[in-house]
Amino acid sequence: MPSQPVRSVRRTVCVAAPAHVVYGMLADAPRWPVLLPSYVHVERMDFDGARETLLAWEFQDGRVRSSRLRRTLRPQAHRVDFEQDDPAWPGDTVAGSWSVEPDGAERSLVTLWQQTPNAPANAPANAPAGTSAGPDGLDADAAGRLARLREAAERWDRLDELLLAFEERMRVEGPAELVYDFLYRVEDWPELLPHVDGSSVREDRPGTQVVVLDTGAAGAGFAAGPDDGAAGFETVRLCFPHAGRIVFKETAPPAPLTAHSGEWSLVPDESGLTVVCAHRVLLGEESLEAALGAGALPVDARRQVRERLGRESRQTLRLAKWHAESPVRRLRQGRGGSRR
């Protein structure tokens with residue numbers, strides 16, 4: 001029986017970053033959502049120090065696509081071998097490797113090799129990248145991934161200044177189900193949260209939301225300007241009710257942010273729960289002065305971003321707390337009244 005025909009592509013780019021830095025970015029998959037634009041979330045399912053299994057969600061062409069990656073990390077060779085499966089297309093596996101070679105002290109040659117079965121002539125328009133996009137689909141996919149990696153890696157010597165991670169926490173003495181319900185029903189937020197003027201939600205499949213929040217002038221940037229006004233910011237949200245988690249990523253965050261991802265998580269204990277809102281942000285150097293004014297530095301942006309996102313998170317947490325604790329208070333008051 002003849003083997004299935006395959007298509008493969010190999011592309012190489014020069015990156016102005018040391019080989020160990022580029023390899024580190026490739027190996028540290030959970031950080032991809034804040035470094036690589038298409039990734040919404042990456043979950044490491046297992047890892048033995050060399051081999052790992054990842055679940056990854058990407059947002060492309062207005063849709064969320066999930067995939068499973070099996071990877072072998074080879075740090076001495078600066079190489080990562082992978083196989084990627086798309087659940088929507090069983091058996092349609094993309095295999096390949098990333099390899100990084102030094103090109104001097106602070107430059108690298110990065111090669112992406114990918115191989116996938118040829119798509120049938122009647123493949124639907126929403127088939128995975130590299131299969132339905134015609135004969136050049138896989139090549140375009142490889143070129144795009146290399147370009148995004150290069151852009152992230154070439155900030156390597158400034159990432160400590162540009163990356164920011166923080167969280168807000170709030171104690172809630174109420175049912176986790178009510179907290180999660182409040183966080184999940186984002187379409188109700190305009191009536192409850194002062195920093196949200198409007199919202200629209202598209203949920204193509206349960207638990208995967210594409211949300212547009214209208215935050216008005218308050219969200220249009222970090223410095224008022226003549227163009228400020230109502231603005232809708234698109235966010236992809238992955239909802240995991242059984243785990244008490246909602247992962248989110250803004251698809252085009254306002255300046256001075258280049259990337260903004262995070263997670264709402266519920267941590268229960270004996271007497272209630274703690275609700276955590278975690279943020280991971282990458283600042284854009286090129287937009288600092290436009291957003292914050294002449295002479296603005298990354299330290300100024302870090303302070304302003306931390307203040308604004310922290311304030312909005314605390315507002316949401318307070319409302320979630322009230323939503324969960326109000327029925328408990330009414331129940332306690334009712335019981336107290338029945339005893340008098």
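How many of the 9 residues of helix H1 are buried? Keep that in mind as you open the structure, which is a predicted model.

**Stop one: helix H1**

Select residues 19–27. This is H1, and it is mostly covered, with 7 of its 9 residues buried. Colour Ala-19, Val-21, Val-22, Tyr-23, Met-25, Leu-26 and Ala-27 to see the buried set.

**Stop two: Arg-71**

Keep Leu-26 and Ala-27 on screen and add Arg-71, which belongs to strand S4. Is Arg-71 buried or exposed? Its relative accessible area is 3%, so Arg-71 counts as buried, the cut-off being under 20%. Now show the side chain of Arg-71 and look at what it touches. It reaches the backbone oxygen of Leu-26 at 2.9 Å. A polar atom of the Arg-71 side chain also lies 3.0 Å from the backbone oxygen of Ala-27. Both of those partners are among the buried residues of H1 you just coloured.

**Stop three: strand S6 and its neighbours**

Next, select residues 93–102. That's strand S6, mostly covered, with 7 of its 10 residues buried. Add residues 79–85 to bring in strand S5, which pairs with S6 in the antiparallel sense over 7 bridges. To find your place between these two, click on Glu-83, which stands opposite Ala-95 of S6.

Then add residues 108–117, strand S7. S6 and S7 are antiparallel too, pairing over 8 bridges. Here a handy marker is Gly-96, whose bridge partner in S7 is Gln-114. Follow the chain from S6 to S7 and you trace a hairpin with 5 residues between the strands. Pause in the turn at Gly-104, where phi is positive, at about 95°.

**Stop four: an enclosed space**

Time to look for gaps. The model has 3 cavities of 30 Å³ or more. Head for the second largest, which holds about 200 Å³ of space. Which residues are closest to its centre? Of the 15 that line this cavity, they are Trp-32, Leu-36, Tyr-39, Trp-98 and Arg-145. Select S4 (63–74), S5 and helix H3 (137–153) as well, since each of these elements gives two or more residues to the lining. By class, the lining of the second largest cavity has 9 nonpolar, 3 polar and 3 charged residues.

**Last stop: helix H5**

Finish with residues 176–184, helix H5, and highlight Val-179, Tyr-180, Phe-182 and Leu-183, which are buried. Turn the view to look along the axis: these residues cover an arc of only 160°, which means they sit on the same side of H5.

Notes
Residues numbered from 1 in each chain as written. Predicted model: local features only at pLDDT ≥ 70, side-chain atom pairs only at ≥ 80, totals over all residues. Heavy atoms only, no water. Buried < 20%, exposed > 50% of the residue type's maximum accessible area, 1.4 Å probe, protein only. Helix = DSSP H or I, 4+ residues; strand = E, 2+ residues; numbered from the N terminus. Pairing = 2+ DSSP bridges. Arc of directions from axis to C-beta. 1 Å grid on protein atoms, 1.4 Å probe; cavity = no way out; pocket = protein on both sides within 12 Å on 5 of 7 lines; lining within 4 Å. Points joined across faces, edges and corners; volume = space filled by probe spheres on them. Nonpolar A, V, L, I, M, F, W, Y, C, P; charged D, E, K, R; others polar. Polar contact = N/O pair within 3.5 Å; in protein donor to acceptor, adjacent residues only side chain to side chain.
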